[in-house]
There are 2 protein chains.
Amino acid sequence: MKLPFTTLEWIGPATTGHLRLIDQTKLPNESTYIDCKTVQEVWDAIKRLSVRGAPAIGIAAAYGCVIGAQQSLAAFEQNADHLATSRPTAVNLFWAIDQMKKVEPRTPENLLAHAVQIHNDDRDMCNAIGNHGFKIIEQLAATANASTDPSNHSGIGILTHCNAGALATGGIGTATAPMYVAHQHDLKFNVFADETRPLLQGSRLTAYELAAAGIDVTIICDDMAAQVMRENRISMIITGADRIAANGDAANKIGTYNLAVLANYHNIPFYIAAPSSTFDMNIPDGSHIPIEQRGSDEITQGFGSRTAPPDELGAKTYCPAFDVTPAELITAIITERGLINPVTPAQVLATLNNLRFTPPA
Amino acid sequence: MKLPFTTLEWIGPATTGHLRLIDQTKLPNESTYIDCKTVQEVWDAIKRLSVRGAPAIGIAAAYGCVIGAQQSLAAFEQNADHLATSRPTAVNLFWAIDQMKKVEPRTPENLLAHAVQIHNDDRDMCNAIGNHGFKIIEQLAATANASTDPSNHSGIGILTHCNAGALATGGIGTATAPMYVAHQHDLKFNVFADETRPLLQGSRLTAYELAAAGIDVTIICDDMAAQVMRENRISMIITGADRIAANGDAANKIGTYNLAVLANYHNIPFYIAAPSSTFDMNIPDGSHIPIEQRGSDEITQGFGSRTAPPDELGAKTYCPAFDVTPAELITAIITERGLINPVTPAQVLATLNNLRFTPPA
């Protein structure tokens, strides 16, 4: 589907064209675009988070390699290696650059064709997740319409956390993909977006992209989710994932596990939407996923002005960036090849060969 | 116990003295005090939230009545009625002013004596809650010391939400009272303070007052509470309450119910600390407590800069100010006369006569 904004795209021919991307540091207040015409401009855009989200970063770096070949075929490898230093732990970034290095013969045309292929594959993956997830929403809508419970609020309510959206990918996102597909099918539903402290990706990015696409979206503070569930406003929860263990335990933005526990208590289905490339079959369960700790500034002055006591008073902060939702709290994992349901070690193992993402050769 | 800040106090003799209070609009960055020497200055301080928290507002208004009598005995009733308009729904405010109107003969000396009595009663109530709650912490500490579980983090961790603290009362607070008493007894524990979106009373006020008192306090974002519980860092949860129904259902700041559900899942005891005056025996259960809705600004631009899409994009907000925690999720209610435990309609009914708060005559 055509979104009213473009996360990133290639403009012009292979030999003289450039990468254009929406400046996510200016969202949600300004929708401005950046034209990256040098490798350094792509590097800067990734570094300062003008483009973010693992798939989107990988695609940006792939296009950056095309620009590198425009600048100098002799310095291609050097430029590509420089791009890889823009974010330290972005697996998709390294993967995309490795793919681009393998392109033969190394011409701007061939490189652009391959970057477009990486972009298209990501778009296809998003669409496939969207189509599988849409069926779940469609089924819930059918049930809701049949229900005579007066406490049912305006049909289907979908809660999401953080931004696993179009702004993070080359397509319609992962957690948001079923919403975009449902919207395209004129299905009536509304989305609740957790604002997602500390970095507020929910209110800044998810609310922006859904509202811009004409989807009914309501921002809530993270501590309101339980009350919204209690008021029967939520029919399902969908979030993305950063890394999923072999048993289905899923690491995602801090606050995801919170929602999974709440969903369990309120008997609301809880879904993870993620491509098969998110699975790390080398780790048996979530206890092997390290939880990154972030700096205190995100808590003490996340909104610009300081909102915590001065340092000399000695109040501390604790700021885990991720949490791990145990498989038993996940109703199903929506992948590009279909659902993992139930989420058990056996089910993940049994379907792995089908699900394993094969990077383009 | 002596706190390193003073929420509010009377300075000087009855005929020429005045009310001094810490300016909570400047916290946590500046600890500055306001001297209120006219009724209008007291009214302004309440109106702009320089003093907040139901008990503290009532005490401020009582002292304001003394100032009213200094200004003009003839205009005493008029000044008192004016003070009552400073906050529209503050029950303690109206109650304290009614009490002050009944003082006979109406001299500054008699009025000050009565205002001090209201203040002292509130301080006693806080101390009583603190002593009862301390016994719970003491018992948990004994259990923790006996435990050999290596995942036990540094003894007792207490999680709280919003600010039911010394800054909201004339004494050591309600939810914070057991912490201050435990600190006075040199018991080792640490507090996790939810920042408490949207108004951040947890990071701005609770973290301030506990850190200022030398208590080990750590600020977390609201969506981190589940992860902190999963990491075995929380031994108990204590929050305040705004209104409690006859069956023990408790309305408190939005996000409290969230914590109660998480506590239930993680087998962590969940306590409400509140004076018996918080009970509204006219309502059988929490479904009769209306949930106030707040304006969207608190979500979209809570602290200076805007963090949500521009209005023209059409993203909505939903901002309930309170939620209701059902009695079955509350381990016990800590009141000034002891614990309600278990929290059942029968237990609340049976103990009501003992618990009913008798305002000073």
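In this predicted model, A:Thr307 touches residues of both chains. From chain A, the contacts are A:Ile299 and A:Thr300, not counting residues up to four places away in sequence. From chain B, they are B:Pro28, B:Leu200, B:Ser203, B:Arg204 and B:Phe303. A:Thr307 itself sits in a loop of chain A, between helix H10 (297-300) and strand S12 (316-317). Its relative accessibility is 1%, and A:Thr307 therefore counts as buried, the cut-off being under 20%.

Two of these partners, B:Ser203 and B:Arg204, belong to helix H7 of chain B, which covers residues 201-212. H7(B) has 12 residues. From first C-alpha to last, the helix reaches 15 Å, close to the 16 Å expected at 1.5 Å a residue. H7(B) is mostly covered, with 11 of its 12 residues buried. B:Ser203 and B:Arg204 are among the buried residues. So are B:Gln201 and B:Gly202 at the start of the list, and B:Leu205, B:Thr206, B:Ala207, B:Tyr208, B:Glu209, B:Leu210 and B:Ala211 after them.

The buried residues of H7(B) pack against several elements of chain B. One of them is a helix, H6 (177-184). The others are strands: S2 (18-22), S4 (156-160), S5 (189-194), S6 (217-220) and S9 (250-253). H7(B) is followed by B:Gly214, whose phi is positive, near 85°.

The contacts of A:Thr307 with chain B lead to the relation between the two chains. Chain B superposes on chain A with an RMSD of 0.1 Å, after a rotation of 180° and 0.0 Å of shift along the axis. The two copies are thus related as by a two-fold rotation axis. Of the interface residues of chain B, 100% are also interface residues in chain A, so the copies meet through the same surface.

Elsewhere in chain A, strand S14 (residues 332-335) pairs with two other strands. Strand S10 (residues 270-273) runs parallel to S14(A), and 3 bridges join them. Here A:Ala273 stands opposite A:Ile334. Strand S15 (residues 338-340) pairs with S14(A) in the antiparallel sense, also over 3 bridges. A hairpin through 2 residues joins S14(A) to S15(A). A:Ile334 stands opposite A:Leu339 in S15(A). A:Ile334 thus has a facing residue in each of the two neighbouring strands.

In a regular strand, side chains alternate between the two faces of the sheet. S14(A) shows two such sets: A:Ala332 and A:Ile334 point one way, A:Ile333 and A:Thr335 the other. All four are buried.

Note on methods:
Residues numbered from 1 in each chain as written. Chains lettered and ligands numbered in written order. Predicted model: local features only at pLDDT ≥ 70, side-chain atom pairs only at ≥ 80, totals over all residues. Heavy atoms only, no water. Expected span 1.5 Å × (residues − 1). Buried < 20%, exposed > 50% of the residue type's maximum accessible area, 1.4 Å probe, protein only. Contact = heavy atoms within 4.5 Å. Least-squares fit on C-alpha atoms with pLDDT ≥ 70 in both. Pairing = 2+ DSSP bridges.
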